[in-house]
Structures are given as C-alpha cells and as structure tokens.
Amino acid sequence: MQKTTLTEQETRQFGIELAQKLQGGDVLCLYGDLGAGKTALTKGLALGLGIEDDITSPTFTLMNMYPIENKECRIKNLVHIDTYRLKNEEELVDIGAEDYLGAPDTVCVIEWPEKIEGLLKNNKIKKITIKHSSDNTRSIEY
Ligand SMILES: Nc1ncnc2c1ncn2[C@@H]1O[C@H](COP(=O)(O)OP(=O)(O)OP(=O)(O)O)[C@@H](O)[C@H]1O
Ligand SMILES: [Mg+2]
C-alpha cells in the first residue's frame, strides 16, 4: 500500500495509525535516504503505542528502548535501532540487540536496516520505504 504525506506532522500521524496494526515480535524495517522521515515516522509509532518519551534517533547509541506502561497493550517494549554509524553487525550483537529482535513482547523499528540484513533473517519483517522528493512530499510504501 502507499500513503503520501505533505508534512512531518502527517507522517507522524500515519505512524500513529500504523502502530495500531503492530504485533509483538514485529521488526519494522524503515528504508529511505537521509532526511526521508524515518525518525518522524518512528515518533508516530511510539505515540501510537502510548509512549510519551521524546523519541530521538539513536544515531550514536545505536539502540534505544522504550517501555510501554499501558497494561492493556500486549506489546511491552519498543526498540528503536539506527545503524547509520554502525561498523558491523557484531557491534549490535555486543549490545544485546538479538535479545529484542523478534521477542514476542517487543516491536523493533530499524532505520538503515540494509546494514544488518544478516541479523534479521529469521524475523517477521515488515518493510516500509519512504521516498523523499525535493519538497515536503513523502511517499510511504508499506
Ligand atoms: N512529509 C514529511 N514527512 C516527514 N518529514 C518531513 C516531511 N516534510 C518535511 N519533513 C522534514 O524532513 C525531515 C525528516 O527527518 P527525519 O529525521 O525523520 O529523517 P530520517 O529519515 O530519520 O533521517 P536520518 O537517515 O538522518 O535518520 C525533518 O526535518 C522533517 O521536518
Ligand atoms: Mg533518523
């Protein structure tokens, strides 16, 4: 399916909607160039899961984890991974990412997933591609 957004706010809103369809164990791969809107979409996904923390890209920390406090939500953690500065898959393994990838109570969202394809082989992957044009228009394929 495809969705066009014209502002960052609309991308975030779309993330809120998409969050309603997520299940524990899902691994969301966000493809798109620098500034495409991967983090903007992740902010919406977090909001949609009831997370109130401000989501910032884990460019240097590689991985951030946000607990989901809502007892009625079957998903207990959102893990946000950004591999942009990652040197190799080992680096993510070293910080324990494999414990979260595919965990039944966790949703993982990955920016720049193409760098860690080897680690994702056995997971339930949902691919999202954000195409970036010269203005604020974004085409989101999901
Ligand atoms: N329709 C839109 N959807 C999302 N962001 C938009 C849109 N229009 C403009 N923008 C702007 O594009 C930028 C998207 O930044 P964002 O950090 O989400 O990108 P990213 O894909 O995560 O980049 P990076 O690869 O550097 O992490 C923001 O500055 C945002 O304001
Ligand atoms: Mg980002």
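Which residue in strand 5 does Val27 stand opposite? Val27 stands opposite Cys108. The model is predicted, and this report works outward from strand 5 to the ligand sites and two unusual backbone angles.

**Strand 5 and its neighbours**

Strand 5 covers residues 106-111. Six of its six residues are buried, so the strand counts as mostly covered. Both faces are shielded. Thr106, Cys108 and Ile110 lie on one side. Val107, Val109 and Glu111 lie on the other. In a regular strand the side chains alternate between the two faces of the sheet.

Strand 5 pairs with strand 2 and with strand 4. Strand 2, residues 26-31, runs parallel to strand 5 over four bridges. Strand 4, residues 77-82, also pairs with strand 5 in the parallel sense, over six bridges. Ile81 has Ile110 as its bridge partner in strand 5. Strand 4, helix 3 (residues 89-94) and strand 5 together form a right-handed β-α-β unit.

**Strand 2**

Strand 2 is largely enclosed by the rest of the structure, because six of its six residues are buried. Asp26, Leu28 and Leu30 are buried on one side. Val27, Cys29 and Tyr31 are buried on the other. Strand 2 has a bridge partner for Leu28 in strand 5, namely Val109. Strand 2 also pairs with strand 6 (residues 124-132), in the parallel sense and over six bridges. There, Asp26 has Lys124 as its bridge partner.

**The magnesium ion**

Which residues coordinate the magnesium ion (ligand 2)? Thr39 does so through OG1 and Glu111 through OE, at 2.0 to 2.2 Å. This pair links distant parts of the chain. Thr39 sits in helix 2 (residues 38-48), Glu111 sits in strand 5, and 72 residues separate them. Thr39 and Glu111 are both buried. Glu111 thus has two roles in this account: it is a magnesium donor and one of the buried residues on a face of strand 5.

**Ligand 1**

Ligand 1 is surrounded by 17 residues. The closest are Glu8, Thr11, Lys38, Thr39 and Asn136. Thr39 therefore appears at both ligands: it coordinates the magnesium ion and is among the closest residues to ligand 1. Three polar contacts to oxygen atoms of ligand 1 are listed here.

| Residue | Atom in the residue | Distance to an oxygen atom of ligand 1 |
|---|---|---|
| Thr39 | side-chain N or O | 2.8 Å |
| Ala40 | backbone N or O | 2.9 Å |
| Arg138 | polar side-chain atom | 3.0 Å |

Taken alone, ligand 1 exposes 640 Å². The protein buries 75% of that area.

**Two positive phi angles**

Most residues other than glycine have a negative phi. Leu62 and Trp112 are worth a look in this respect. Phi of Leu62 is near 75 degrees, a positive value. Leu62 lies in the loop between helix 2 and strand 3 (63-67). Is Leu62 buried or exposed? Its relative accessible area is 8%, so Leu62 is buried.

Trp112 has a phi near 60 degrees, again positive in a residue other than glycine. The loop that holds Trp112 runs between strand 5 and helix 4 (117-120). Trp112 has a relative accessible area of 17%. Buried means under 20%, so Trp112 qualifies as buried.

Definitions and conventions: Residues numbered from 1 in each chain as written. Chains lettered and ligands numbered in written order. Predicted model: local features only at pLDDT ≥ 70, side-chain atom pairs only at ≥ 80, totals over all residues. Heavy atoms only, no water. Donors = N, O, S within 2.8 Å, 3.2 Å for Na, K, Ca; no water. Buried < 20%, exposed > 50% of the residue type's maximum accessible area, 1.4 Å probe, protein only. Pairing = 2+ DSSP bridges. Right-handed = clockwise from strand over helix to strand, strands pointing away. Near = heavy atom within 4 Å. Polar contact = N/O pair within 3.5 Å; in protein donor to acceptor, adjacent residues only side chain to side chain. Areas by Shrake-Rupley, 256 points an atom, 1.4 Å probe, with all protein chains shown as cover.
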